[in-house]
Amino acid sequence: MKDALRIVVPIHSLDPGGVERVALGLAAQWQQAGHAVTIVLGRSGCSHLASAPALDYWQIPSRVPTASWETPWMVHCLYSYLIAHRADVVFLPGNTYAVVGAAMKLLLGDHAPPMTLKVSNALHRPDMPAFVRRGYGIWLRAQGRLFDRLVGLSEPMAREIRETTGAEAARVDVIANPILTRARLRALARSERRPDSVWGTRYLTAGRLVPQKNHAMLLRAFAHAARPSDSLTIAGEGPERGAIERLAAELGIADRVRLAGHLASIDPLMAEADAFVLSSDYEGLPGVIVEALAAGLPVLSTDCCVSMDCLVEGGRTGLLVPRGDEQAFADGLARIRDFAGDPQRAHDIAARYEVEEAARRYLDMMAQVRRERENQRRHRLGLSAWATHSPWQRSL
């Protein structure tokens, strides 16, 4: 294919959640469009490799587990790939990969390929201690200078990026988070839903079992507000599983809380649910909310990111409560039972987040980034040639 891009995407592992899943979906679209895409894996022997999209996966086998030091190992893997292979652009699929990109700039210098960073998480972090936030602010300003493009998932998020990183407006793009293929969007819209339960409300949440998601607050609010016939399903896996199970037992709700573990798709769970809930302390733009809207589920969420109001539209498609407010979340669990909402509007909002359109826009952006780098290189070569000529030759 003429003008095909060589795109490299670093991914720690195929085991984590939304960031990696979105990156693989984009990579599959780019490959289908005729571009050369390589996924550089930071962990060898990924358990979900067999079910992952058919892409070019590159990895360095390791005799010892690397999960406890995955970022240094990811730096080693990506550096090893880039010194041996040419890349037109490196796509960093989320905030946690910014340090990997920064390391490439340090190690490769002017030989580092252009890099684009998709900002997948909130940049304002009130959960951090004040002294940590100051250091984090310095790191964000460095990102504003390091990367060729920073991508926000909504216009409010792009404003947040410009404010916190100091990046020029021309280097900040807005591309809706690519969450749903057109086929899946249609399937969710026409999926048959079970009738509302006459015995209780079936709440659903999904996400990695990590502190950011604040499942502890969700469980306490559920214990406070739920009726004996209500149930809560938590889809996802992670290091907090044991703590969640213990807290559910302590609160006396273990028989009404189901931990579904890691799932290839939560669509069957959404078909059985009455409401989707999200208790996160911070997010970028939560893909699970988009999926829930596409499935016609009313949404209860904390105001965990600047993009949330774009999703619930002031109460039209869901309810927002302050992050970390257990009582407000418990009240929301009661209110969402009778929430009528606007399913058609919810579907229209979800349609903004199609993979196909986002993949095309990313390709346009990365092609522009490659052109800019080539122009910079030609300019440097021209200046170098001009400097080697004598004053007499330059005057001709």
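Let's start in the middle of a sheet, with strand S6 (residues 149–152), which is covered on both faces. Arg149 and Val151 point to one side, Leu150 and Gly152 to the other, and all four residues are buried. Keep in mind throughout that this is a predicted model.

What does S6 pair with? On one side there is strand S5 (residues 115–118), which runs parallel to S6 and is joined to it by 3 bridges. If you want a concrete spot to look at, take Thr116, whose bridge partner in S6 is Arg149. The route from S5 to S6 goes by way of helix H4 (residues 130–146), and these three elements make a right-handed β-α-β unit. Then S6 pairs with S7, again in parallel and again through 3 bridges. Here Val151 stands opposite Asp173 in S7. Helix H5 (residues 155–165) completes another right-handed β-α-β unit, with S6 and S7 as its strands.

Now zoom out to the whole sheet. It is an open one built from 7 strands with parallel pairing, and the order across it is S3-S2-S1-S4-S5-S6-S7. Its edges are strand S3 (56–58) and strand S7 (172–174), each of which pairs on one side only. Going across the sheet, neighbouring strands are turned by 25 degrees against each other on average, direction ignored.

Over in another part of the sheet, strand S1 (residues 6–11) and strand S2 (residues 36–41) run parallel and are joined by 6 bridges. One place to see this pairing is Arg6, which stands opposite Ala36 in S2. Lying across S1, S2, S3 and S4 is helix H2, which runs at about 145 degrees to S2.

That brings us to the packing. The largest nonpolar core has 95 residues, and Ile7, Trp30, Ile39 and Phe276 are the ones with the most contacts inside it. Helix H2 (residues 70–84) gives the most to this core, namely 7 residues. Take Ile39 as an example: leaving aside residues up to four places away in sequence, it touches Val9, Ile11, Leu24, Ala27, Leu55, Asp56, Tyr57 and Trp58. Apart from this core lies another one, of 28 residues, among them Ile234, Ala248, Ile253 and Ala330.

Trp30 deserves a second look, this time for its ring. A pair of aromatic rings is described by the distance of the centres and the angle of the planes. With ring centres required to lie within 6.5 Å, the model has 5 aromatic pairs. One of them is Trp30 with Phe91, at 5.3 Å centre to centre and 90 degrees between the planes, an edge-to-face arrangement. The two residues are 61 residues apart, so this pair links distant parts of the chain: Trp30 sits in helix H1 (residues 18–32) and Phe91 in strand S4 (residues 89–92).

Are these two rings' residues buried or exposed? Trp30 counts as buried because its relative accessibility is 0%, and Phe91 does too because its value is 1%. Trp30 also pairs edge-to-face with Tyr362, at 6.1 Å centre to centre and 70 degrees between the planes. This pair, too, links distant parts of the chain, with Trp30 in helix H1 and Tyr362 in helix H14 (residues 355–388), 332 residues apart. Tyr362 is buried because its relative accessible area is 0%. Put together, Trp30, Phe91 and Tyr362 form one aromatic cluster.

Methods
Residues are numbered from 1 along each chain as its sequence is written. This is a predicted model: local features need pLDDT of at least 70, side-chain atom pairs count only at pLDDT 80 or more; totals for chains, interfaces and linings use all residues. Side-chain values use heavy atoms; hydrogens and water are left out. Rings of Phe, Tyr and Trp (its six-membered ring) pair if their centres lie within 6.5 Å; planes under 30 degrees apart count as stacked, over 60 as edge-to-face and the rest as tilted. Buried means under 20% relative accessible area, exposed over 50%, partly exposed in between (1.4 Å probe, protein chains only). A nonpolar core is a set of buried Ala, Val, Leu, Ile, Met, Phe, Trp, Tyr and Cys residues joined through side-chain atoms within 4.5 Å. Contact means heavy atoms within 4.5 Å. Two strands pair if DSSP finds at least two bridges between them. Axes are lines fitted to C-alpha atoms, for helices over the stretch in contact, and angles run from 0 to 180 degrees between N-to-C directions. A crossover is right-handed if, with the strands pointing away from the viewer, the path from the first strand over the helix to the second runs clockwise.
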